[in-house]
Amino acid sequence: MLRLVRLLALLLVLLLGGTWAFAWVTRAPGESLGDAFAGRLALLFGTAPTGGANLGGLQLPQGLSLGGAFTLVDQTGRTVTERDFAGRWMLVYFGYTYCPDVCPTELGTIAAAVDSLGPLAEKLVPALVTIDPQRDTPAQLADYVSRFHPRMIGLTGSPEQVAEAARRYRVYFSRVNRAEAGDYLMDHSSFVYLVGPDGRVRSLFRPEASPDDIAAAVRIQLTRAAGA
Ligand code: NI
């Protein structure tokens, strides 16, 4: 029993220590270490930062801003930037059309969330940003996203444009060659981002968040924005 208590205490110390170190590394310029620590703890446990209302999903720690400017190419071949979506909300997912499992699941979740929002969804653009621009041409994306939702858009671009967009959302991706199959997979992080009318991420959702979780958060944020 005592051993179990010691083990749990050790785990707690490691967890808090790790979070502290993470806060130290990722804190914004001018942000106090205490604030950064509280923010990273909130992210870890999926709660709103102290004093904030529960807006659904994971709130970004204070001082951490994701999203912003990008230049990409949509599924019709048109070059688009964040300004083309100004004033609209987006549900953004970074993935790729050759993904064997996780991407289809997450895109299905986004499509279901959009459908469950009814008329509110008209203010919302569901989007897949590929992290595999080499294979995901506009035509390839057009075909793929239409299988999930008629309003879903696909965004690709040059490798540099895609890497820059991924960097702004802190999306991790890496190519994994499969010698035996003569092709490759993309290893990638798998969050769903709710992006506000200013192009900044308002909430993010862990992989395997349900359509209801996402729809609830979108409803809270859009209603709040409309009432403010
Ligand atoms: Ni994937």
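This report walks through a predicted model of one chain, from its overall make-up to its nickel site, a central helix pairing and a few loop residues.

## The chain overall

Let's start with the broad numbers. The chain has 228 residues, and 43% of them are buried. Its secondary structure comes to six helices and nine strands.

How much of the contact map is long-range? Take the contacts with a separation of 6 or more: residues 24 or more positions apart account for 64% of them.

## The nickel site

Three residues hold the nickel ion: C99 and C103 through their SG atoms, and H188 through NE2, at 2.1 to 2.3 Å. Along the chain these donors follow the spacing C-x3-C-x84-H. If you are setting up a metal model, keep in mind that water is not among the atoms, so the site may look incomplete.

Are the two cysteines buried or exposed? Both C99 and C103 are buried. C103 also belongs to helix α3, where it is one of the buried residues, and that helix is the next stop.

## Helix α3 and its surroundings

Helix α3 covers residues 102-116, which is 15 residues. From first C-alpha to last it reaches 21 Å, close to the 21 Å expected at 1.5 Å a residue. Just after the helix, G118 takes a positive phi of about 60°.

Which residues of α3 are buried? They are C103, E106, L107, T109, I110, A111, A113 and V114. What do they pack against? On the strand side, their partners include β3 (89-95), β4 (124-130), β7 (183-188) and β8 (192-195). Among the helices, they pack against α4 (138-146) and α6 (211-227). The nickel donor H188 has the number that ends the β7 range, 183-188.

## How α3 meets α6

The pairing of α3 with α6 can be described in more detail. Two packed helices are described by the angle between their axes and the distance between the axes. Here the axes of α3 and α6 come within 8 Å and cross at roughly 50°. That angle makes α3 oblique to α6, since it falls outside the ranges for roughly parallel (under 35 degrees) and roughly perpendicular (65 to 115). The crossing is right-handed.

Which residues make the contact? From α3 they are T109, A112, A113 and S116. From α6 they are P211, I214, A215 and R219. Two of the α3 residues in this contact, T109 and A113, are also among the buried residues of that helix.

## A buried arginine

R135 sits in the loop between β4 and α4. Is this arginine buried or exposed? R135 has a relative accessible area of 16%, so it counts as buried, given that the cut-off for buried is under 20%.

Leaving aside neighbours within four places in sequence, R135 is in contact with Y96, Y98, Q140, D183 and Y184.

## Positive phi outside glycine

Two residues other than glycine have a positive phi worth a look in your backbone plots: R170, with phi near 50°, and E208, with phi near 75°. R170 lies in the loop between α5 (159-168) and β6 (173-178), while E208 lies in the loop between β9 (201-205) and α6.

Are they buried or exposed? R170 counts as exposed at 51% relative accessibility. E208 is exposed too, with a relative accessible area of 75%.

## Loops that meet distant sequence

P207 shares the loop between β9 and α6 and counts as partly exposed because its relative accessibility is 35%. P207 and the nickel donor C103 are 104 residues apart in sequence, yet 9.7 Å apart in space, C-alpha to C-alpha. Beyond its neighbours within four places in sequence, P207 is in contact with E106, S190 and F191. Of these, E106 is one of the buried residues of α3.

L60 is in the loop between α2 (33-45) and β1 (71-74), and at 15% relative accessibility L60 counts as buried. L60 and R202 are 142 residues apart in sequence and 7.3 Å apart in space, C-alpha to C-alpha. G77 lies in the loop between β1 and β2 (79-81) and is partly exposed, at 43% relative accessibility. Between G77 and L155 there are 9.1 Å in space, C-alpha to C-alpha, and the two are 78 residues apart in sequence.

Notes. Residues numbered from 1 in each chain as written. Predicted model: local features only at pLDDT ≥ 70, side-chain atom pairs only at ≥ 80, totals over all residues. Heavy atoms only, no water. Donors = N, O, S within 2.8 Å, 3.2 Å for Na, K, Ca; no water. Buried < 20%, exposed > 50% of the residue type's maximum accessible area, 1.4 Å probe, protein only. Helix = DSSP H or I, 4+ residues; strand = E, 2+ residues; numbered from the N terminus. Expected span 1.5 Å × (residues − 1). Contact = heavy atoms within 4.5 Å. Axes fitted to C-alpha atoms, helices over the stretch in contact; angles between N-to-C directions. Parallel < 35°, antiparallel > 145°, perpendicular 65-115°, else oblique. Left-handed = near helix turned anticlockwise from the far one by under 90°.
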